[in-house]
Amino acid sequence: MKEMSTQSNSAAPGYPTRAISRTQPQSFAQRALQHRSFVLGAVLTSLLIAAALLSFFWTPGSAYEPNMDAALQAGSSQHWLGTDAYGRDTASQILIGARASIAVGLIAVGIGLTLGVILGLVAAARRGWVEELIMRLADFTFAFPALLSAIMLTAVYGAGMLNAIIAIGIFNIPTFARITRASANAIWARDYVLAARACGKSRTAITLQHVLPNIAAVLVVQATIQFALAILAEAALSYLGLGTQPPLPSWGRMLSDAQTLMYQAPLLAVWPGVAIALSVLGLNLLGDGLRDLLDPRLTRER
């Protein structure tokens with residue numbers, strides 16, 4: 001018997017051929033460029049960073065030296081956003097004020113992230129009375145918000161940026177501790193972690209090799225949100241005179257100085273307010289976009 005003819009790859013005569021299309025998975029960069037919230041947040045955050053970096057090399061005018069002859073001038077080619085009651089350039093103060101916001105945000109969030117993540121990982125790994133103790137300490141710390149902590153530190157050590165950073169950083173610790181502990185507990189229940197424990201791996205090794213890498217995305221998203229809150233807290237503390245001190249410009253203190261000049265020069269309050277609003281909006285949109293991009297379960301049509 002003759003060998004049966006094998007089926008050809010091509011379609012049978014008389015039947016139309018169909019091209020089998022396989023969609024390739026998109027990369028992170030491709031998905032990020034299609035996410036409107038992420039793109040807008042990244043643009044606004046980049047503008048904040050660019051303003052702070054630019055102020056180290058160039059400003060349109062003097063943000064420190066008073067010039068009473070140029071006080072309360074409107075926007076012009078020499079003073080783009082006008083001048084304040086002391087003749088200092090408003091645009092230059094906005095640019096330099098971005099430094100204080102970024103510095104306070106980075107250091108305060110860094111303090112909260114480092115200590116909070118350590119405490120949260122320890123609580124999830126040890127469980128029992130250790131977890132209970134850490135969580136109750138976190139609850140106790142929540143009773144002292146950043147503003148109240150800054151007032152207490154100011155009463156003892158005096159007003160200044162350092163005390164503001166410490167106060168905001170302390171307030172961030174329990175936030176990161178609770179999020180880390182909740183996310184880590186979910187990882188500890190996974191099968192591959194149970195297998196690692198069965199193989200004799202220590203809790204420290206499992207935490208560093210399996211738990212921490214799998215919760216890093218959650219921590220990055222939360223860090224961007226806390227960064228935005230730190231900028232708001234720094235502005236509030238500076239507005240009350242407890243944060244950044246003269247002569248270093250601060251958006252919050254600019255708002256405080258402008259409140260007595262609302263009828264003569266209302267724009268003096270508008271510009272720092274817009275800077276704060278755009279910075280916080282950008283960081284929140286960036287965090288929202290990162291949450292969708294890093295967790296496929298939350299990806300949705302915008």
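**Helix H7 against helix H8, and the protein around them**

**View 1. Helices H7 and H8 pack at an angle of about 165°.** In this predicted model, H7 spans residues 191–198 and H8 spans residues 203–239. Their axes lie 10 Å apart. Angles over 145 degrees count as roughly antiparallel, so H7 and H8 are roughly antiparallel to each other. The crossing of H7 past H8 is right-handed.

**View 2. Eight side-by-side names define where H7 meets H8: Tyr192, Val193, Ala196 and Arg197 on H7, with Arg203, Ile206, His210 and Asn214 on H8.** By class, four of the contact residues are nonpolar, two are polar and two are charged. Tyr192, Val193 and Ala196 of H7 and Ile206 of H8 are the nonpolar members. His210 and Asn214, both from H8, are the polar ones. The charged pair is split between the helices, with Arg197 on H7 and Arg203 on H8.

**View 3. The protein holds 10 helices and zero strands.** Read from the N terminus, the elements run α-α-α-α-α-α-α-α-α-α. H7 and H8 belong to this series. Among contacts with a separation of 6 or more, 67% join residues 24 or more positions apart.

**View 4. Of the 302 residues in the protein, 42% are buried.** The protein exposes about 17,400 Å². Carbon and sulfur atoms supply 65% of that exposed area.

Definitions and conventions:
Residues numbered from 1 in each chain as written. Predicted model: local features only at pLDDT ≥ 70, side-chain atom pairs only at ≥ 80, totals over all residues. Heavy atoms only, no water. Axes fitted to C-alpha atoms, helices over the stretch in contact; angles between N-to-C directions. Helix = DSSP H or I, 4+ residues; strand = E, 2+ residues; numbered from the N terminus. Parallel < 35°, antiparallel > 145°, perpendicular 65-115°, else oblique. Left-handed = near helix turned anticlockwise from the far one by under 90°. Contact = heavy atoms within 4.5 Å. Buried < 20%, exposed > 50% of the residue type's maximum accessible area, 1.4 Å probe, protein only. Areas by Shrake-Rupley, 256 points an atom, 1.4 Å probe, with all protein chains shown as cover.
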